[in-house]
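Trainee: Could we walk through this one together, with me asking and you explaining?
Mentor: Sure, let's have a look at it first.

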Amino acid sequence: MQKALAPEISTWPDEQPQLIGSRCGDCSATTFPTQALCPRCSGDKMSDELLPRRGTLIAWTTQGFVPKLPYAGGETAETFKPFGVGLVQLDDVIRVEGRLTESDPEKLKFGMDVELTMVPFYTDADGDEVITFAFAPA
Amino acid sequence: MNDVAIIGVGLHPFGRFEKSAMELGADAIQLALKDAGVGWKDIQFGVGGSLEIANPDAVTRLVGLTGIPFTDVFNACATAASAIQLCADTIRLGKYDIGIAVGLDKHPRGAFTAHPSMLGLPAWYAENGQYVTTQFFGIKANRYLHEHGISQRTLAKVAAKNYRNGVINPNAFRRKALSEEEILGSPMLNYPLTHYMFCSPDEGAAAAIMCRADIAHRFTSQPIYLRATEIRTRRFGAYEVHSTFAPVDEDVAPTVYAARAAFEAAGIGPGDVDVIQLQDTDAGAEIIHMAECGFCADGEQEKLIAEGATEISGSLPVNTDGGLIANGEPIGASGLRQVHELVRQLRGQAGDRQVAGNPRVGFAQVYGAPGTAAATVLTV
């Protein structure tokens with residue numbers, strides 16, 4: 001079966017999953033993931049907010065080597081394939097940092113439209129497929 | 001409040017050694033004492049900085065158990081700046097007249113790592129492969145190059161310059177010149193940053209002895225005045241290393257605020273600075289920090305670097321000792337290495353690396369996780 005790397009940060013397995021952030025009732029600052037106090041006004045009126053699924057790519061890079069533990073991918077230097085990482089602006093609500101399904105610098109463009117997706121990441125010790133969030137060109 | 005003078009500096013070479021971090025620190029202290037012409041018994045208090053060593057004050061076991069107050073600090077890449085600030089402010093406030101700031105570290109090979117919970121980050125952030133400091137530097141550099149018309153070759157020019165400066169710095173870790181082609185052709189770690197555009201964690205120690213400015217001439221004919229050290233953390237709006245998200249409305253990086261505050265406290269502007277030390281965790285960071293500290297406008301670096309402005313012989317000499325790229329980053333010592341180089345430059349003792357024209361003002365900046373920056377201003 002499939003399970004999410006971090007079940008608490010998205011509405012997966014909804015068909016159109018959304019990331020779960022929080023929004024400040026006083027100053028409307030939005031965070032991802034959720035947090036109890038507002039990082040802008042320090043207030044405690046934070047409530048859960050489902051984040052938009054679509055956005056634009058503000059900035060990006062590639063990850064060209066295996067991250068150190070506790071990275072969960074489990075690849076070796078030989079099997080590792082570089083992946084993209086980007087800062088994505090979801091509508092005018094928030095910018096979220098996440099993996100990109102595209103890793104070719106020739107195909108990654110500043111300002112390109114992207115959409116949230118859930119992708120297979122690794123298979124855990126129980127044989128379950130662990131999925132994680134990423135942004136794909138839309 | 002008292003003014004503060006640096007009367008002695010000492011640095012153990014950076015690199016990889018058989019000695020313990022504590023021994024590196026003890027060596028740096030001995031060099032600083034000799035440079036200042038004082039004995040350990042003259043030191044009234046100490047501040048020690050380290051990542052790997054939980055209690056750098058244990059260095060007193062090697063240099064003298066004199067019973068002085070000794071405070072240990074850790075502030076990631078700003079650790080040495082915190083040690084410098086605490087040492088200087090203790091003298092400014094009149095508690096003691098003469099003290100020492102020392103930084104020492106000995107890191108294993110490869111990028112820094114710690115459990116994400118140590119930085120208040122969720123475990124998934126690391127498990128997902130985002131808890132990689134170099135990744136942030138790649139994102140920031142890529143965007144900056146794109147927005148301000150700077151070429152990837154300019155990244156290579158910065159790294160090549162710092163390796164070249166390392167060749168003429170006997171204390172440097174990397175002492176081999178690398179061509180722009182070798183730098184551009186090395187493995188891509190985080191686009192557009194290649195392997196040789198990054199510094200690496202290593203080992204080293206550095207120390208500075210400070211005193212009340214009005215008694216500095218008892219010890220030296222060339223006191224260097226520590227005009228300001230200011231530390232700032234990120235504000236809401238800044239996208240910094242180890243961020244799960246950023247707001248849509250942007251604020252500038254903490255380096256901008258730290259540099260402004262340091263210049264204001266010193267009563268000096270960026271245009272007055274003769275020799276500059278910037279945090280070049282990677283070549284992109286050096287380029288970006290030039291503008292964040294106020295030494296040029298965004299985008300001007302392309303032309304300045306092509307003209308050689310940041311070379312030792314240029315109008316804006318940056319990282320004359322090779323910076324982090326040639327020296328590596330023993331976190332606790334790195335900011336004190338910067339100050340060591342500035343003191344040598346301002347005294348006219350930098351040998352082959354000496355900036356011409358009797359430099360009078362030096363500036364140092366550090367930046368690191370989780371969005372913490374410090375700026376220091378020194379003058380003759």
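**Two chains, a few questions**

Mentor: Buried residues make up 63% of the 380 residues in chain B. Keep in mind that this is a predicted model.

Trainee: Okay, and what share of the residues of chain A count as buried?
Mentor: Here a residue is buried when its relative accessible area is under 20%. Chain A has 138 residues to sort that way. The share that counts as buried is 49%.

Trainee: How many helices and strands does chain B have?
Mentor: Chain B mixes both kinds of element. The count is 12 helices and 12 strands.

Trainee: And is chain B as compact as a globular protein of that length, or less compact? What's its radius of gyration?
Mentor: The globule rule gives 21 Å for 380 residues. The value for chain B is close to that, so chain B is as compact as a globular protein of that length. Its radius of gyration is 19 Å.

Trainee: What pattern does chain A follow along the sequence?
Mentor: Start with the counts: chain A has zero helices and nine strands. With zero helices, there are just β symbols to write down. Read along the sequence, the pattern is β-β-β-β-β-β-β-β-β.

Trainee: What is the radius of gyration of chain A?
Mentor: For 138 residues, a compact globule would come out near 14 Å. The value for chain A agrees with that. It is 16 Å.

Trainee: In chain B, what percentage of the contacts between residues at least 6 apart join residues at least 24 apart?
Mentor: Contact means heavy atoms within 4.5 Å. We take the chain B contacts with a sequence separation of at least 6, then ask which of them join residues at least 24 apart. For chain A, the corresponding share is 50%. For chain B, it is 75%.

Trainee: Let's zoom in on B:Ala364. Is it buried or exposed?
Mentor: B:Ala364 sits in strand S11, residues 361-368 of chain B. Leaving aside neighbours within four places in sequence, its contacts include B:Gln277, B:Leu342 and B:Thr376. The relative accessible area of B:Ala364 is 3%, and the cut-off is under 20%, so B:Ala364 is buried.

Trainee: Which residue, 127 places away in sequence, is 7.0 Å from B:His242, C-alpha to C-alpha?
Mentor: B:His242 is in the loop between strand S8 (224-233) and strand S9 (245-246) of chain B. B:His242 is also buried, with a relative accessible area of 9%. Its contacts beyond four places in sequence include B:Leu119, B:Tyr125 and B:Ala369. The residue at 7.0 Å is B:Ala369.

Trainee: How many disulfides does a search of the whole structure find?
Mentor: A disulfide is a covalent bond between the sulfur atoms of two cysteines. The search covers all chains. It finds zero.

Trainee: Then why is there no bond for A:Cys27? Which cysteine has the closest sulfur?
Mentor: The closest cysteine sulfur to that of A:Cys27 is 3.6 Å away, which is too far for a bond because the cut-off is within 2.5 Å. A:Cys27 is itself buried, at a relative accessible area of 19%. The closest sulfur is in A:Cys38.

Trainee: And how far is the nearest cysteine sulfur from B:Cys77?
Mentor: B:Cys77 is buried too, with a relative accessible area of 11%. B:Cys77 is in no disulfide, and the nearest cysteine sulfur belongs to B:Cys199. The distance is 7.9 Å.

Conventions:
Residues are numbered from 1 along each chain as its sequence is written. Chains are lettered from A and ligands numbered from 1 in the order in which they are written. This is a predicted model: local features need pLDDT of at least 70, side-chain atom pairs count only at pLDDT 80 or more; totals for chains, interfaces and linings use all residues. Side-chain values use heavy atoms; hydrogens and water are left out. Helices (H or I, at least four residues) and strands (E, at least two) are DSSP runs, numbered from the N terminus. Buried means under 20% relative accessible area, exposed over 50%, partly exposed in between (1.4 Å probe, protein chains only). The radius of gyration is taken over C-alpha atoms; the globule rule is 2.2 Å times the number of residues to the power 0.38.
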